[in-house]
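Reader: I am new to this structure. Please take me through it, and tell me how each label is earned.

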Amino acid sequence: MRLILKKGYPILKGDGNHGVHPVTGQPFYYGNPPPEFFHSEENPLNEHGFDRPLFSHYGEHGIPQGEFGLGEFGEAVFTDEHGVEHRHGIDGVIHKVGRRLREAGLTNIEPTDFVNEAIRRYNEAHKNSEEHNLPPVKSDEWRKLRSMDFQHSRSKSQASETKVRGQAGNLGTVYTNAGRGSQPSLGLFHESYAIPFAPFLAAMMTDAGVTPRRYDEGISVGHISVDDLSFNPATGKPVGSRKRVNEKIGPNGELNDTFLNRMGIDGDIAVDNLHSHEMMHLLPDGIYATGRAGRPTNFAAFGSILTSLDQSKIPKELLDEVIMQDEGGPITMRQALSNETYANALARKLAETPGALHLMMGDSTQGNTKKIISVLREEVPLPEGVTTDDMRTHIKAGSVRNAYQKGRGKNSHKDAAELFAYAQLLEAAGTPLRDAQMVGVNLHPDVEGQRRLTETVAAALSHHHDHTPNRSLLDEVPTGPNTGRMSAGFPTAPMSMDLPQHLDQYHLKFDRMASTPIAEPKEQEISEQYAKVRQTPPAQTPPSTPPITPSEEYRQAQRAFRYATPEQVRRVYVARSGLGGEGRAPAPTGPMTPQEQRFQQTLSDPYQQTLDQYLRGDSSPIEDRLIKAMENLQYKDALNDDNIRKHLPSQNLSMMNEDDLSYMAEKMSITKHDVRAILFSKGDWHRVADTFNMSPTIVKAVKVAFGGGADE
């Protein structure tokens, strides 16, 4: 068999959102949300008027029942029958911000207020403020599935130019993959939620002392995906993920090893945890070509890896094997692994065939590994009815990386798995990969010696990592793809780049010349894909009556609930949440949970909405105005208090200025974090002081010094 080296081949790029069913563990492709997800008079999903969250289904594996409740940070959460929590984009952002603030010790900052402030700053800076304002977080507009083409929001300038409302004034909440270079095989689909105000939120997080990550969805970039929205509390992991650029999917829906490792799927693998240093013995002589392999070889880096190997794990006979000669005589593997000079000399000797060295050590971009794979794909005949794509689904690449790989951001193991698949199939065809002859390469003059040296070092690496040296091929070649690694519902034929009819009518258009509102559908068409798993919608409930303004007696009861015993709080919490009921998660036991503590705080606060008010979204603009009026009254009252005025600087301070924050923190003998927490707190300033366990004078002085509560 002769292999002719050619240029590379096109690989189908993986894309889309995929998940793992929480009960069966079967991977699936999300695709687009079904028609049943849209609330209407004909399809009354809930009393709040919310659509179901975008990812609250399991593709071809079904649409679970569930209901909305309140999350630990005051966000709306849809919990399905399997106990998995699903959130709309805005609620995912609140939850993410809440966790970040809590991790930073900023537990006194209310996440919903924090996000609302970011929205306010976005609206203030937006160039099309009248046409493209965002509503506050409690608005049910955020919980409708209204799509639009993708827009970047990675900076404040980009965010201030985004369009968020369509021709009929509807708020867009979901981005499609249009504009991302989507591939025809997947067509057009709803990909992520739109969070256009994210850059403003990132700036606020930084000001609060919490540094956003480089690519922090929903915080530093203006979209948020299923990874942060559908979460299984039982495992502590998301049930889905948006596939990344390096997670290519096979043409029949074969999931990539990187994705499988990230999602914790083993998928009934026949060859598990395969690393490049375990299969060097299967490769052809062509891997031992000479010549440059890209960037200069860092011999010291390789030598350091060799001297770091644990010799207690390596068999004595391997350590005593002679691997090199110098002026003083033979050098054994033990000596090379124990001496920096010998280790660097060994690295230089291995580098005479750079392709083999770099593949073994973890960077298959150096040398001719990619060319070999390309040639195999194009030139090598395989047994009838068998494809490498099928075989590849039975092999899972390992994840262990040495210092060299980590330092260069490389991982050759997936290419090693590709070569192992070819070796398996060619062995069955009677033409072993090791015997393949290659033209167009300059082989090392001592191929056998170089091969023996490389395979000896590879065996030492395998023992060090508790892997299998010289991994054997399977006795029997699997037939067909491994279904445990196939993403159910992945389209194997090219799909239309148009949205399905039930989604197209909710897709926003930005042509301002058209003023006719888009009509809501009168009938929800059920797609074939979901017809077999459709659940009976809940009975329609009568429209809820507007909430009655709480009387003073009710406010006193709310305040009293702050001092209720844990047993009393739990009784009310279970009654309000429905936990422990049929089809619901069990009621909590033991000490109070963070959710119960949050529930007690929320219900006992006369200036925050209760659970029902929050979910209905009733009167939030009124309450916002009441709180703002209260802030103004308290500001004016404190400004006239001589005991407060003596603590004030000569001019208003800015919370965007670190020097101003430090000045006030030092003046009031508190920390900068305390200053920020006070500034983000709303409501009764005496209550804020009680919450922070500090004097009301401190709270009032900080608020007034930074203009908090002043009329704008």
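Reader: How do you know whether Tyr30 and Phe55 are buried or exposed?
Author: Buried means under 20% relative accessible area, exposed over 50%, partly exposed in between, with a 1.4 Å probe and protein chains only. Both Tyr30 and Phe55 are buried. This is a predicted model: local features need pLDDT of at least 70, side-chain atom pairs count only at pLDDT 80 or more, and totals for chains, interfaces and linings use all residues. Residues are numbered from 1 along each chain as its sequence is written, and side-chain values use heavy atoms, with hydrogens and water left out.

Reader: What makes Tyr30 and Phe55 an aromatic pair, and of which kind?
Author: Rings of Phe, Tyr and Trp (its six-membered ring) pair if their centres lie within 6.5 Å; planes under 30 degrees apart count as stacked, over 60 as edge-to-face and the rest as tilted. By this rule the count comes to ten aromatic pairs. For Tyr30 and Phe55 the centres are 5.3 Å apart and the planes 75° apart, giving an edge-to-face pair. Tyr30 and Phe55 both sit in the loop between β3 (27-29) and β4 (66-70), 25 residues apart. Ring pairs also link Phe28, Tyr30, Phe55 and Tyr58 into a cluster.

Reader: Why is the pair of Tyr122 and Phe200 called edge-to-face?
Author: The planes of Tyr122 and Phe200 stand at 90°, and the centres are 6.1 Å apart. Both values satisfy the rule, so the name holds. This pair links distant parts of the chain: Tyr122 is in helix α2, Phe200 in helix α4, 78 residues apart.

Reader: Why do Tyr122 and Phe200 count as buried?
Author: Tyr122 has 0% relative accessibility, so it counts as buried. Phe200 has a relative accessible area of 7%, so it is buried too.

Reader: What makes α2 a helix, and how do you know that its span agrees with its 15 residues?
Author: Helices (H or I, at least four residues) and strands (E, at least two) are DSSP runs, numbered from the N terminus. The expected span of a helix is 1.5 Å times one less than its number of residues. For the 15 residues of α2 that gives 21 Å; the end C-alpha atoms are 21 Å apart, which agrees.

Reader: Which elements do the buried residues of α2 pack against?
Author: They pack against α1, α3 (156-159), α4 and α25. Among the buried residues of α2 are Phe114, Val115, Ile119 and Tyr122.

Reader: What is in contact with Phe114?
Author: Contact means heavy atoms within 4.5 Å. Leaving aside neighbours within four places in sequence, Phe114 touches Val97, Leu101, Ile109, Leu201, Met204, Met205, Ala208 and Phe680.

Reader: What makes a nonpolar core, and how many residues has the largest?
Author: A nonpolar core is a set of buried Ala, Val, Leu, Ile, Met, Phe, Trp, Tyr and Cys residues joined through side-chain atoms within 4.5 Å. The largest has 80 residues; among those with the most contacts inside it are Val97, Phe114, Phe197 and Phe706. Helices supplying at least two residues each include α1 (89-103), α2 (111-125) and α4 (198-207). A second, separate core of 59 residues includes Ile372, Ala417, Leu426 and Val447.

Reader: Why is α15 called largely enclosed?
Author: 14 of its 18 residues are buried, so the rest of the structure largely encloses α15. Its span fits as well: 26 Å is expected for residues 447-464, and the end C-alpha atoms are 26 Å apart. After α15 comes Asp466, whose phi is positive, near 60°.

Reader: How do you know which strands pair in the sheet of β7, β8, β9 and β10?
Author: Two strands pair if DSSP finds at least two bridges between them. β8 (residues 174-176) and β9 have three bridges, in the antiparallel sense. β9 (residues 190-194) and β10 have two, also antiparallel. Both counts meet the rule. One bridge joins Val174 to Tyr193 in β9; another joins Ala194 to His223 in β10.

Reader: What makes β7 and β10 the edge strands?
Author: Each pairs on one side only. The open sheet runs β7-β8-β9-β10, with mixed pairing.

Reader: Why is β9 described as largely enclosed?
Author: Five of its five residues are buried, so the rest of the structure largely encloses β9.
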